[in-house]
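Me: I am new to reading protein models. Could you walk me through this one, and show me how each label is earned?

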Amino acid sequence: MSQATQVTARRSRLSRSRLEKTYWGYLFIAPFFLVYAIFQLYPLGNTFYLAFQKYMITGTNKVIGPNPVGFNNFAALFKASSGATPKVVQVFINTGIMWIINFIPQMLIALLLAKWFTDTRFTIRGQGAIKVMVYMPNIITAASISMLFYALFAFPQGPANSILASLGVIDKEIYLNSGIAATVAFRFLEDGWAVRLIVAFINFWMWYGNTMIVLVAGILGVNPSLFEAAQVDGASSNQIFHRITIPLLRPILLYTLVTSLIGGMQMYDIPAMMQQQGSKAKDMTQTVTMYIQELVFEGTKDYGRSAAVSVLLFLVTAVFSVILFYIMRDKEASRQRKMMRAARKEAKL
Amino acid sequence: MSNLTDTAGRVSGSYRARIIGKKTLIYIVCIFLCALSLFPFLVMFVNATRPSADIAQRLSLVPGNMLATNWQTLEERQNFDFVRGMLNSLLVSSSATFLCLYVSLMTSYGLVVYRFKLRQAAFTFIMVVLMIPSQVSIIGFFNEMYKMGLINTFWPLILPAAASPSVVFFMRQFMLGSLPLEIVEAARIDGSGEFRTFNRIAIPMMAPAIATQAIFIFVGSWNNLFTPTMVINSQAKFTMPMLVSLLKSDRFRTDFGTVYLALSLTVLPLFIVYFMLSKFIISGVALGGVKE
Amino acid sequence: MKKILSLVLALALLLGCASALAEGFTTDFDVPATGEKFVIYAWNDEFLGMLKNYYIPAVGGTVADDGTVTFPNGDVLEFVINPNDNGNYQAKLDQALQNEQHIDLFLMEADYALKYVNSEYTRPIESVGITAEEMAGQYEYTRQVATDENGVIKGSSWQAAPGLFMYRASLAKKYLGVNSPEEMQEKVKDWDSWLATAREVKEKSEGATKLIPSNGDVWQVVRTVRSTPWVDESLTLKIDDQVKWYFDFAKTLREENLTAEANPWSEGWNACMGNDSVMGLFFSTWGIQWTMVGNSGGSAPGEGTYGDWRAVKGPQPYYWGGTWLAVSKFCTNDALAADIIRFFTTEEDSMKYYCLGSKDYVNNDAAVKSIIDDGFSFDFLGGQDHYSLFREVLPLIDVSTMSAYDQNINSAMDTQVNYYIAGEKDLDTALADFAAAVVDLYPEITAE
């Protein structure tokens, strides 16, 4: 049988069998939807319902509601004393800023490492060990990390301040006299921007290894024959990276972007742990989910407003994700087509 | 491949010098990053060997001699059943990981391999729910668990893992790139059943994706403090992070050496799982299956 | 790949089969062989230790090797601990109560005791058969705290928590030339003298030693002597002059660098008690024998700072903390609940026995007095009898400013104090932002 007839025969069987097998598709996806319906859909519906109710348990344990109040919870959230930014807006700004200053360097470093590790011109020795190590910050709990960073940025004479002193940023002579060091040392954990940077750094440092591994797995998942073909054609490693790796990596990049965005919007552990008692940095570092928690765990349990913030968080995340999808959608489709063509070409060989 | 490099190297000496320069740069950067990564572990392990008062006063990388004392303090804590906590955590995390991986693979396989009416709708739905933060529904989740009588059991820590939109998304994206439908079709022609094809052909081809996701899921589940704290009441069912937070809960007198020792112990199983699976990441190059 | 899967699977199965863990999938706790379970909610294991080490040996129950506590009537203790991070203890307790879970007794702290006392989830102590006469031996203020809006007592405390000012004798001699607690009291008898002393310590030690770890420690005292509670009957936030005075006092402490800037309960704060960076500390009964001894770096005179501390009354009488036992609405064993409450909070003999063992200052004046009469001294305080000082402070304690909202409002105030003392906000702005934060926490409260 010639190759052409073989392929045609296969195609016709393919479409026929697919028709027969569609119910298998439902079978395969059923467990996910079943579990989702039970464990997530009901609580989620409950959240959307509560966002439009006045429902709270006051500081003296008196239950009010639930009574439908329309958009009152949202209105209450956006009501602020004259001139001040409403707290709900501030927590979104905080979250966004801390996500961006963590994500950009994280992506750049991860891409760079992924490029180095998959470069065909040279092999990095001990690659395995390096990969293993850069991922390691991810497996440590937020609690230990926060304890460590508290120690690093201790006031007045923690390691971070010592570095500032040896660099001459703060007066070394005064600093070294422990009695008056407090007059020059920097209060890192009391400073909004300092804590933002610390939180962003911790997130960056915990996740770049993870992102790198995902990217490397993605690159390795690309059909190796494409690289070989490009090499035979004399492409340089930079060309290969930009022309073949990056475009083929799009689905994985999209995955990384979207999950990082969603994870970032849900940032909780690290900023929550970095709040020193009574620190004024909190106003600049409280995240959306911390606020959601605060509304139901501290003071009056205001389920209505808490649910309203949750709905806002969902909407904001959705808008950003849709934008990301839109930017990357066409390219993804064309990539898929390319992949299919390549695979078919491969199959014919 | 190496032949090509060698040839190019012989052609131009400056090219080789560039490569060496670049490699040096790469090694320096990598060594720096590795040191940065190992630092907190070092501090944690070192602090586990130091007396509490000392830890509170300064950061140090020199081990102390209090490991035995800290261990004894930990042993004597009436509520710190280390072995039990470890087993609880292992049970919860490994079950959740396995369930999450298997169901996510099934779902993504269903979405990639089969063409059915609601396919696109199902995928869109998964993408939408991916954007919903888990904290959003925690109150409702908690009340539902009460109604279902699942409070103070492991079920709420394990079962919901089966519906992880982000893992499904990852698996689908990965499958699109590395599971040619022709292979599935070939298996069908050979008379392999649908489920058998999935188990015997699709899953092995997804090895690198499974290994990476397994680590993420296991670590996430292991380190989760929030949900277990909400759901578990009985001391006998406490997970490791809960036991550690119990140690810290004594805010009126915190023994930092003991806390660091407990934290160090908590991370050990993660090391084991991580090093076990990391082999698959590193050697996952061969990625069988794509070439027919 | 198969290896991973089979490994994970094997692990899960192995663990799943382990009979010890099988119960993880059922709601039941360690099912008692005989009798019912008796459920107590708490945020740490302190009370569990008290039951195991004092109550059970005295009444004849058993503590098994695995820690299971069985009461004499065969009931089995289920001690539920929910660590108190970020309001977690109250959150879990509230959820359990709202879902009508079986809880017999639960513990409350002073900061939020009124929240439960004024709710339907607590039963009058009288309802388990403990009469007002039985509770008469308790210190007045501990009963006030647990009294609801209708004058019904709904909680009972095993400890009283009057506060004192502790100082390091060796440092006081070195920098202030002070040789006795009486001389020291003269140096800190009111806030003006106290501030002057703080300046003197800093100057003489060239900054190496401060009188106090942080301004937060001063607040622990000042908060109890305000003229009104944070929130009045009409749910309006009240900021009295004492609060404004504290804002300025804290600012003075910061500007003149008079504290070690170690916030309460931080690592540095704990460390202060074991080194020479701080000379003094405000603390109440439990804080001395529990926190200070633990942080002194020793367990006998001469080791660390152990034995170098002395106690004086300080500028103002105050209280700090305390734990109350409450009977839950869903209590099913009144007799056992009553017996435990009596043992720790109303009976002189058992309370004396507990006091001698634990050094905890018990909530029974007769018991304390008989201990003092037998001759009491505490080597941590250089052999001082600080119980006598506590007894002098106790009648002066005023809990009229306590409210159900204290914990969260105090912490909201802390933040604004920090803005003010850093010079980033003026007093009016700081107070306005404080009021706004309180309203955000408690929408039912209106700012003045």
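**Walking through the model**

Reply: Happily! Chain C is divided into domain 1 (37-160 + 321-377) and domain 2 (163-319 + 382-441), with bounds from an automatic or database domain assignment. This is a predicted model, in which local features need pLDDT of at least 70 and side-chain atom pairs count only at pLDDT 80 or more, while totals for chains, interfaces and linings use all residues. Residues are numbered from 1 along each chain as its sequence is written, and chains are lettered from A and ligands numbered from 1 in the order in which they are written.

Me: What makes residues of domain 1 and domain 2 of chain C count as being in contact?

Reply: Two residues are in contact if their C-beta atoms, placed from the backbone, lie within 7 Å. By that rule, 22 residues of domain 1 of chain C are in contact with 20 residues of domain 2 of chain C. On the domain 1 side, α5 (113-117), α6 (140-145) and α16 (365-373) of chain C each supply at least two residues. That side has 12 nonpolar, 6 polar and 4 charged residues. Here Ala, Val, Leu, Ile, Met, Phe, Trp, Tyr, Cys and Pro count as nonpolar, Asp, Glu, Lys and Arg as charged, and the others, Gly among them, as polar. The centres of the two domains, taken over C-alpha atoms, are 28 Å apart.

Me: How do you know that the length of helix α9 (residues 191-204) of chain C agrees with what is expected?

Reply: Helices are DSSP runs (H or I, at least four residues; strands are E, at least two), numbered from the N terminus. The expected span is 1.5 Å times one less than the number of residues. For the 14 residues of α9(C) that gives 20 Å, and the end C-alpha atoms are 20 Å apart, so the two agree.

Me: Why are the buried residues of α9(C) said to be on the same side?

Reply: A residue is buried if 20 or more other C-beta atoms lie within 10 Å of its own, exposed if 12 or fewer, and partly exposed in between, with C-beta atoms placed from the backbone. In α9(C), Trp194(C), Thr197(C), Ala198(C), Val201(C) and Lys202(C) are buried. They cover an arc of only 135° around the axis, so they sit on the same side of α9(C); the arc is that of the directions from the helix axis to the C-beta atoms. An α-helix has 3.6 residues a turn, so residues three or four places apart point the same way. Cover for the buried residues of α9(C) includes α7 (169-176) and α8 (181-187) of chain C. The face turned away carries the exposed residues Asp192(C), Ala196(C) and Glu203(C).

Me: What makes the buried residues of α11(B) line one face?

Reply: In α11(B), the buried residues are Glu194(B), Thr197(B), Phe198(B), Ala202(B) and Met205(B). Seen down the axis, they fall within an arc of 95°, so they line one face of the helix.

Me: How many residues do chains B and A bring to their contact?

Reply: Chain B brings 81 residues and chain A 82. Helix α2 (residues 13-47) of chain B gives the most to the chain B side, with 13 residues. That side has 55 nonpolar, 16 polar and 10 charged residues.

Me: How confident is the predictor in chain B?

Reply: pLDDT is the predictor's confidence in each residue, from 0 to 100. Its mean for chain B is 80, and 87% of the residues reach 70 or more. Over residues 1-9 of chain B, pLDDT stays under 50.
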